[in-house]
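This briefing covers the fold, the packing and a few local features of one protein chain. Please keep the sequence and the model at hand while reading.

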Amino acid sequence: MSKANAVASLAAAGFAVSWASILIIWSGLNPISVSFWRTTLAALALAPLTVRDLRRHGLNTPIKLITLGGLALAVHFMTWVTSLYYTTVAMSVTIVSTYVVFTIPITLALGRRVSGLTMTGAALALMGVAAMMYSSYGLSEGNLLGDALALIGSVSGAFYFTIGELARVKSPTSIYSTLVYASAALFTVPVALLMGVNLTIPNSRALIMVTLIVAGPMLMGHTLLNYSLKYLSATVVSTVTLIEPVGSTILAYLLLHQAVGLMEAAAMVVTLIGVYLSIRGGL
């Protein structure tokens, strides 16, 4: 039953994180500021549950894993959110969602098993993502910078998911999520200071967008992904995140009027089939 709940959580998380890029662009905030507030407010929102669970279970997660997870998450958010301002939503989200390319070798290096069906599904999903990239790729300097930042976000995201799988063996979702979000926020602060970024939220529109980012992509998205890591491998969870470029591309078409071609549409179908097979292989 737990695995069934994890699969349902992944589906909900895939929908929730698809909204992140749209809400970030609508917020108009500096990328570092977005990264800081989404982790800070998410940690504060989960704090009451964390206090309760700490009283019940204590802190079973090594501080080292929490710190490494927070660092990986901070790098992931800062680089990926910045990439949205230098390339299209479709390209940025597609590249950053290729976590599984890096999660599989990390998982194998740790001596953990990855099923053949999961790897087949991951490969098929990545083929779909590659087709989406090919169909919309641009070679301007701005696009290349955005793509490079999104790629760094993908690598750091892979480490974040792998660390989460290790940490979630004993730690409840609330405790791990709250502490890793808070850690990520702390790592973001010195970067903001070095870059001279004003972390204040300037207006009500930005505040509403940040609130929606926390409620959706963070609490319904990343926190449900963290929940799933207790029952499904990092490879499966990271493959499911390939739903995000499909959802984000559709939302960007509907809300930002960014075009979607026939090849992109076909690639989305291939990606979703691959995600399905990967989940089946992890059950």
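Which residue just after helix 6 takes a positive phi? The residue is Gly111, with a phi of about 80°. The model is a predicted one. The protein chain contains 13 helices and zero strands, and its radius of gyration is 18 Å, close to the 19 Å from the globule rule for 283 residues, so it is as compact as a globular protein of that length.

**Overall fold**
- Along the sequence, the protein chain reads α-α-α-α-α-α-α-α-α-α-α-α-α.
- Along the principal axes, the C-alpha atoms of the protein chain fill a box of roughly 55 × 50 × 30 Å.
- Among contacts in the protein chain with a separation of 6 or more, 90% join residues 24 or more positions apart.

**Surface and charge**
- Buried residues make up 54% of the 283 in the protein chain.
- The protein chain has an exposed area of about 11900 Å², and 71% of that area comes from carbon and sulfur atoms.
- The protein chain carries 13 positive and 6 negative charges, and the mean positions of these two groups lie 19 Å apart.

**Nonpolar core**
- The largest nonpolar core has 67 residues; Ile24, Trp80, Tyr160, Phe161, Tyr181 and Val237 are the ones that touch the most other members.
- Helix 4 (residues 63–83) gives this core its largest share, eight residues.
- Leaving out residues up to four places away in sequence, Tyr181 touches Thr39, Ala42, Ala43, Leu46, Leu73, Tyr160, Met218, His222, Thr223 and Asn226.
- Tyr160 therefore appears both in the contact list of Tyr181 and among the core residues that touch the most other members.

**Helix 6 and Ser154**
- Helix 6 spans residues 99–109, and its buried residues are Tyr99, Val100, Thr103, Ile104, Ile106 and Thr107.
- Ser154 lies in helix 8 (residues 141–167).
- Ser154 counts as buried because its relative accessibility is 0%, where the cut-off for buried is under 20%.
- Not counting residues up to four places away in sequence, Ser154 touches Ile95, Val96, Thr98, Tyr99 and Phe102.
- Tyr99, one of these contacts of Ser154, is itself buried in helix 6.

Key:
Residues numbered from 1 in each chain as written. Predicted model: local features only at pLDDT ≥ 70, side-chain atom pairs only at ≥ 80, totals over all residues. Heavy atoms only, no water. Helix = DSSP H or I, 4+ residues; strand = E, 2+ residues; numbered from the N terminus. Buried < 20%, exposed > 50% of the residue type's maximum accessible area, 1.4 Å probe, protein only. Contact = heavy atoms within 4.5 Å. Rg over C-alpha atoms; globule rule 2.2 N^0.38 Å. Areas by Shrake-Rupley, 256 points an atom, 1.4 Å probe, with all protein chains shown as cover. Lys, Arg positive; Asp, Glu negative; His and termini not counted. Charge placed at Lys NZ, Arg CZ, Asp CG, Glu CD. Core = buried A, V, L, I, M, F, W, Y, C linked by side-chain atoms within 4.5 Å.
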